[in-house]
Amino acid sequence: MKWVDALEQRLSSERSGEFLFWLLVVAALLIFSGMGLRSPWPPDEPRFAEVAREMVVTGQWFFPARGEEFYPDKPPIFMWAIALCYYLLGNIKIAALLPNAFCSLVSLVAVFDISKRMWSLSVARHATLLLLVTPQFLIQAKFAQIDAMVACWITLGCYGLLRHFFCGPHWRWYFMGWAFMGLGIITKGVGFLPLLILLPIAVYHFTQQRLANTWRWRALLGPVLMLTVVACWLVPMYLIVSHNGNPEYLAYRDNILFKQTGERYVDPWHHFKPWHYFISSVVPAFWLPLCVLLLTQIKTVTRHIKQDPRIAVLFGWVVLVIIFFSLSPAKRGVYILPALPMFCIALAAAWPGLTLNRASRWVLRAFLGLIVTVLSVLAYLAATHHPKLVDKIDNYTQSFQLLDSLAIILAGLVLALALNGMVLWRKSLWVKYGSTVAIICIAVSWFVYPLAEPLRTPKNVMLTAAAKVGSGELAILDLKEQHLLFSPIPLMHFSYFTDNSEQFRNAWLWINEAPNRFIMAPDNMEFECFELQKGDPLGVAHREHWVLFSAEDTAHSCAAPEKVIRYQSPASNIYE
């Protein structure tokens, strides 16, 4: 097809400006596809979206809160970005996704520019294209989790240091790198990770080649600048908390400064994984096919690392980042996303031309075949209403219509991939792989998002509850942020951190204080003070059956709560 040839020609351009323009066009097409077709989805998106929404609605921007209760797990930069987009656009579905989308484009530009400066335009092209089609990068670019923004700041931090030491000296970019580290820290505490690259750079300086005029006393001002950026948020927060003296403010300060940083790293309370989790589970699944292809090209890569130790600096930093996160008992796959851009640069530099040998061609063909096979099997299972899929869907809905729609979408996707293989049969395997990723990304964005939306939100339950409550007041037990985000009426809750018994005791006290009050709760809680069998069913959301209680459904008496706790979130306009 002519347009395929034209796009391939532009993405192979020897003019850096032309290539970068078309790279960003393709990246924007993939990243922005489907934006607005889905709401913020669990586990993390609704939390950040709700905090940002409440910032705009309540006018209280400095201390992130969900349902009026402080959210002390993360500094506010990411939520400020979403809130600003929401303030400007008035649409939380789009606003929640925009910051990461733009940050991912910035990461691509940074990878391109530093690769070109350190090596060549060819390496820059390959590094950015590899990054764009790597599953973890593309997934996070299209989601409203905090990690894509953190990865952007960390990538820019590495960019500043590399620009100074390997393309300089360039003191302005050196200090800017430290400033971006500061932004990373007040987005998520691990923003300091570019610091680790100084270790392999120092080894290179003292063992390979002196980096003239790059190590000077003024380099010590870098950490000062980083701390200054952090202080722009930290000092006002600390002063406000100290002046206020409210226990909630003090708890917020102590939680975000200590519990969510050092304590969470050394002595976490969830997300426990074995030490090899990133190596054995995350990299093989989310850095495909790069990690496998690296093994097939290990001789080529090793030879070029020996010839150019700068490549070893980047690989060394990637290893240090993975080790850093592996030392903590708590692990999530997204933690190592910041290492991916430098990994792509190092791989592109160590594998000139990305030329495929026999083993790598076999691996890439097998990978493409596996994708089509898996999608075909899923389409068949959905079309035949396989019991395992039916059981999975029954956790959300009783309808077979969803499975039939899924089968049609998957069958269409398999057909599109087959046609893609026929049209591009003379093209390189890299072109076939990139087009496969693009087709899947666009199909999921435009067709799977709307199909999955009812399953990934509590919309039906919240609308039903609001209709039954009418002009009354509604409270919720076992709160999730998405319930606040989807409640068309103000929603009372009794603290995200309160245990089961305290929630029920607070709820019993609240519902009996005034008429026309209602409580909603999932039926899998350990019920106290309420008669579960008297509850009015609301439906299923997130594999939980929800019921509604009035004052008539309460027990005659209930123990008083240790502390009366009540918070209320403003009504949501997500349905508009």
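**Results: a walk through the predicted chain**

The chain is built from 25 helices and 8 strands. Everything described here comes from a predicted model, so it is best to keep that in mind while looking around.

Start with the overall dimensions. The C-alpha atoms fill a box of roughly 80 × 65 × 45 Å, taken along the principal axes. For 576 residues, a compact globule would have a radius of gyration near 25 Å, and the chain comes out at 26 Å, which agrees. Of these 576 residues, 54% count as buried. Contacts across the sequence tell a similar kind of story: take the ones between residues at least 6 apart in sequence, and 75% of them join residues at least 24 apart.

Then there is the outside. About 25,400 Å² of the chain is exposed, and carbon and sulfur atoms supply 64% of that area. As for charge, the chain carries 47 positive and 38 negative charges, and the mean positions of the two sets sit 18 Å apart.

For a look at the packing, helix 11 is a handy example. This helix covers residues 198-207, and its buried residues are L198, P200, I201, A202, Y204 and H205. What do these buried residues pack against? Their partners are helix 9 (147-167), helix 10 (171-185) and helix 17 (309-326).

Two of those partners, helix 9 and helix 10, are linked by a loop that holds P169. The peptide bond between G168 and P169 is cis, with omega at about 15°. A little further along comes R172, which lies in helix 10. With a relative accessible area of 60%, R172 is exposed, since the cut-off for that label is over 50%. Its C-alpha atom is 8.3 Å from that of G160, and the two residues are 12 apart in sequence.

Another cis peptide bond turns up earlier in the chain, running from P42 to P43, with omega near 10°. P43 belongs to the loop between helix 2 (16-32) and helix 3 (45-58).

Now for the cysteines. How many disulfides does the structure hold? The count is 1, and this disulfide joins C529 to C558, with the sulfur atoms 1.9 Å apart. The torsion about the S-S bond is about 55°, so the disulfide is right-handed. As for where the two ends sit, C529 is in the loop between strand 5 (517-522) and strand 6 (536-541), while C558 is in the loop between strand 7 (544-549) and strand 8 (567-569); the pair therefore ties together parts that are 29 residues apart in sequence. C529 itself counts as buried, because its relative accessibility is 12% and the cut-off is under 20%.

Other cysteines stay out of such bonds. C103 is in no disulfide, and the nearest cysteine sulfur, belonging to C152, is 4.2 Å away. That distance does not qualify, because a disulfide here requires sulfur atoms within 2.5 Å. C103 is buried, at 8% relative accessible area. C167 is likewise in no disulfide; for this residue the nearest cysteine sulfur is that of C158, 13 Å away. With a relative accessible area of 26%, C167 is partly exposed.

Back at the disulfide, one more residue is worth a glance. H556 is placed in the loop between strand 7 and strand 8, the loop that also holds C558. Is H556 buried or exposed? It counts as exposed, at 85% relative accessibility. Along the chain H556 and C529 are 27 residues apart, and their C-alpha atoms are separated by 7.9 Å.

Finally, the backbone has a couple of residues with a positive phi that are not glycines. One of them is D478, where phi is about 55°; this residue is found in the loop between strand 3 (473-476) and helix 24 (481-485). R543 also has a positive phi, of about 65°, and is found in the loop between strand 6 and strand 7.

Methods
Residues are numbered from 1 along each chain as its sequence is written. This is a predicted model: local features need pLDDT of at least 70, side-chain atom pairs count only at pLDDT 80 or more; totals for chains, interfaces and linings use all residues. Side-chain values use heavy atoms; hydrogens and water are left out. Helices (H or I, at least four residues) and strands (E, at least two) are DSSP runs, numbered from the N terminus. The radius of gyration is taken over C-alpha atoms; the globule rule is 2.2 Å times the number of residues to the power 0.38. Buried means under 20% relative accessible area, exposed over 50%, partly exposed in between (1.4 Å probe, protein chains only). Contact means heavy atoms within 4.5 Å. Accessible areas come from the Shrake-Rupley method with a 1.4 Å probe; for residues, only the protein chains shown count as cover. Lys and Arg count as positive and Asp and Glu as negative; His and the chain ends are not counted. The place of a charge is taken as NZ of Lys, CZ of Arg, CG of Asp or CD of Glu.
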